[in-house]
Every structure is written in C-alpha cells, then in structure tokens.
Amino acid sequence: MASKLDNRREIELAEGVHIHLRPAGLFPRLIARFIDGMIWLAIFIALSLVLSLSGWLIGDEASQGFLMLLAFVMVWFYDPFFEASKASATPGKMAMKLKVVRRSGAPVGFASGFLRCLLFWIDFLPALGTVGMVSILASRNSQRLGDMVADTLVVYRSPPRVPEVESINAPAVRPGVLLQREEQLAFIEFADRLDRLSPARQNEITAPLAALEAARKSPTTTSFALGVARWLSHQEK
C-alpha cells in the first residue's frame, strides 16, 4: 500500500548518490495547461488588436500573415522555449510549482522539449485530450505519450527533504561556484551516508572536486565536500 501512495521516483546518479523526483498527477497539469492557454489567448488577442490598428500601415494581408506566424510560433515553440530555459517550465507549470526534467532528473534540452510539444497534439487532438489523460492516469510515472517518447517527466519542483548533517565534523565551506539543485543534493547526501563509505570510496567520489579552486584550500577533497554539505545545510534553514 505504501508503494502505491508514495509516487516518488528514486534516481541513482553516476557517483552513487540518490535523488528523488515526485511526478505530478493529472489535475495540477491540467491547471497548468489552462493557465498557459489563457496566456496564449491574452498574447494573441493583444497582438491581434495591435496588428488590426496598424493594418492601414502594413496592409490587411501582411497583418493576417503576422497573425498566422504568431499562431505558428505559439503552437510549436511556446512550450519548448520555456521548458528548455533555466526554469524548465512554462509560466503555467511555474505557477503550479512544476517543471519538466529528463527521467534521470537532468534538465530537458530544446530537442526533447520540441518532441514533447510535437506529440502533445497526438495526446490532445483525439477526443480533446482523452488519450493524454488516460496515459497520465495509467502510467506509473504520470507520463503522457509525449513524455514517454521524449523520455521526460513532469515533476514537482519543491525540493526533497534535506538530510541532517550536523554530526559531520567539518567547518562550513563555500563551494565557490554556482551549484544546481541536483549538485547540492549530491553534496548533502554524500555527507549523510559518509559512515557507510570506505575511505577509499570517499576519495574516489570526491576526487573530481580537486579541479575546483575552493577545494584546493581544503586538506582533502573529502573534507571540502563535507564542508560544502554543512554550508548548504545551513542555507536550507
């Protein structure tokens, strides 16, 4: 029963650290799509009024051409543009605290976003979205057909629980570089499972950090990783 109620997806990264993703269900995704639809409509109406007022300057045919171009861009590039951005989400998804990621938890690129958008119309057009809705409800990870083909997930962007690392005997250290959320979790979870790793394994995992300038100021890369984990845990509070 617990496995049915808990829809978190556990992802193991190459360095042996696990992160958790929580796929979004049908209802929040429908609301996000409704919000995006309202944004589409508002942009289209606003620009239609501007073009109609300027029609006497550029001509009716040119005005209609611009409207058709606008519709094409909105239909095919609205979702990919926003989902490939740093936010990994359209305005509607951001409002619902959702984002689109690869199944590995990595951000999506423009190609994956465009493939999702292309297949959205297969999910939507038959019976006004019935195919996509049934797919989301039936899929273990709440994926529509476009997600399955593009290898993506729509997940909640709320961060997972941050493990407590107060018992780590290391001073807080600033990483010196901007860390993505997945990288922050990798540091914190490394510290959380330190007592289950042999010294050799600790050194193996943290060895790539030697390339960071801030890491050179620490006695070892392991102590640097622990210091960053403590610093990050303090930022969460």
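Which side chain meets D79 in a salt bridge? I looked this up at the start, keeping in mind that the model is predicted, and found that the partner of D79 is R33, with 2.7 Å from N to O. The two residues belong to distant parts of the chain, since D79 sits in helix α4 (residues 60–83) and R33 in helix α2, 46 residues apart.

I then checked how well each partner is covered. D79 has a relative accessibility of 5% and therefore counts as buried, the cut-off for that class being under 20%. R33, at 21% relative accessibility, counts as partly exposed, because this class lies between the buried cut-off of 20% and the exposed cut-off of 50%.

**Entry on the other salt bridges**

I searched the whole structure for salt bridges and noted 10. One that I followed up joins the side chains of R29 and D147, with 2.8 Å from N to O. This pair, too, links distant parts of the chain, for R29 is in helix α2 (residues 26–53) and D147 is in helix α8 (residues 145–150), with their positions 118 residues apart in the numbering. I found both R29 and D147 to be buried.

I also asked whether R29 and D147 stand alone or in a network. They are part of a network of salt bridges in which R29, E83, K93, R116 and D147 are linked.

As a further case I took D195 and R196, whose side chains meet in a salt bridge at 3.9 Å from N to O. D195 has a relative accessible area of 68% and is therefore exposed, and R196, at 60% relative accessibility, counts as exposed as well.

**Entry on the packing of α2 with α7**

Having met R29 in a salt bridge with D147, I turned to the packing of α2 against helix α7 (residues 130–138), where I read an angle of about 145° and a distance of 10 Å between the axes. On the α2 side the contact is made by L26, R29 and L30, and on the α7 side by M133, I136 and L137. Sorted by class, this contact holds 5 nonpolar residues, 1 charged residue and no polar ones.

**Entry on the nonpolar surface patch**

Which residues make up the nonpolar surface patch of about 940 Å²? I listed W56, L57, I58, F66, L69, F72, V73, F77 and F110. Helix α4 gives the largest share, 5 residues, while α3 (55–58) and α4 each supply at least two.

I looked more closely at V73, which lies in helix α4 and, at 37% relative accessibility, counts as partly exposed. V73 can therefore belong to the patch while being only partly exposed, because patch residues need over 30% relative accessible area.

**Entry on A215**

Is A215 buried or exposed? At 4% relative accessibility, A215 counts as buried, although I located A215 in a loop, the one between α10 (199–206) and α11 (221–235). Leaving aside residues up to four places away in sequence, I found that A215 touches L209, A210 and F224. I also noted the separation of the C-alpha atoms of A215 and A225, which is 8.2 Å for two residues 10 places apart along the chain.

Terms used
Residues numbered from 1 in each chain as written. Predicted model: local features only at pLDDT ≥ 70, side-chain atom pairs only at ≥ 80, totals over all residues. Heavy atoms only, no water. Salt bridge = Lys/Arg side-chain N within 4 Å of Asp/Glu carboxyl O. Helix = DSSP H or I, 4+ residues; strand = E, 2+ residues; numbered from the N terminus. Buried < 20%, exposed > 50% of the residue type's maximum accessible area, 1.4 Å probe, protein only. Axes fitted to C-alpha atoms, helices over the stretch in contact; angles between N-to-C directions. Contact = heavy atoms within 4.5 Å. Nonpolar A, V, L, I, M, F, W, Y, C, P; charged D, E, K, R; others polar. Patch = residues over 30% accessible without salt bridge, like charges linked within 9 Å, V, L, I, M, F, W, Y side chains within 5 Å. Areas by Shrake-Rupley, 256 points an atom, 1.4 Å probe, with all protein chains shown as cover.
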